[in-house]
Amino acid sequence: MYDNFRSLGPSHPVVCGASFQTVEFPGKGLAKGLAVTLGTMTKRAHTQQYPDVEPDLPPRSRGVIALVEENCTVCMLCARECPDWCIYIDSHKEEVLVPGAARPRQRNVLDRFAIDFSLCMYCGICIEVCPFDALHWSPEFEYAEHDIRDLLHEKERLDEWVATVPAPPAHDPRGEPAKEEAAAAKRAAKDAG
């Protein structure tokens, strides 16, 4: 049985233990690694000095979620659709007297809106499902805390980031007008003529 292995020769892969490769000179892998290292050392580094120099973020980048409290109708869609269950909403109903109405109407009033950023995975589902544009992405990303419990941000803190939300991109002039613009133009044409 061993005679068959000896007849294959010392450089055969079965005899050397290599997996179907021929044995080459020792240190070839080391030489390739050093060549890559030397090639990298001769190129200029692209390190950004982050704390001293602000990073150039792409427009509309995802940082933290901002809340426009006036737009929130407490529909709870964001909290229901959140896969991490990191949005906490409390509200109460308030009666609103409408002149000429037979009975007073009720509306929800937002008492508490909090997002636990230690649980949030920044998927953006809450922002997409909000029918009243109460939630927006802010490019702010510097909100680290020393204690994980401080990552539960209430509505007052979420409202601070609204000022950093960039304006939406301009409408394509060659595209179809927005539904609101078309309805307003139709209404204006109807009133004028």
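Contact means heavy atoms within 4.5 Å. The structure here is a predicted model: local features need pLDDT of at least 70, side-chain atom pairs count only at pLDDT 80 or more, and totals for chains, interfaces and linings use all residues. Residues are numbered from 1 along each chain as its sequence is written, and side-chain values use heavy atoms, with hydrogens and water left out.

**Exercise 1.** Find the residues under the UniProt annotation "binding site" and say how far they spread.

*Solution.* Start with the record. The unreviewed UniProt entry lists C82, C120, C123 and C126. Such annotations may be inferred rather than shown by experiment. Next, check the spread. They span 45 residues of sequence, yet they cluster in space, with a largest C-alpha distance of 10.6 Å.

**Exercise 2.** Is C126 buried or exposed? Then describe C123 in the same way.

*Solution.* Take the cut-offs. Buried means under 20% relative accessible area, exposed over 50%, and partly exposed in between (1.4 Å probe, protein chains only). C126 has 8%, so C126 is buried. C123 has 28%, so C123 is partly exposed.

Now place them. Helices (H or I, at least four residues) and strands (E, at least two) are DSSP runs, numbered from the N terminus. C126 lies in helix 5. C123 sits in the loop between strand 3 (105-116) and helix 5 (125-129).

Last, list contacts, leaving out residues up to four places away in sequence. C123 touches R62, P83 and W137. C126 touches I65, C78, I87 and L135.

**Exercise 3.** In what order do the three strands of the open sheet stand?

*Solution.* The order is 2-3-5, with antiparallel pairing. Two strands pair if DSSP finds at least two bridges between them. Strand 2 and strand 3 pair over 10 bridges. Strand 2 (87-96) and strand 5 (152-153) each have a single partner strand, so one side of each lacks a neighbour in the sheet.
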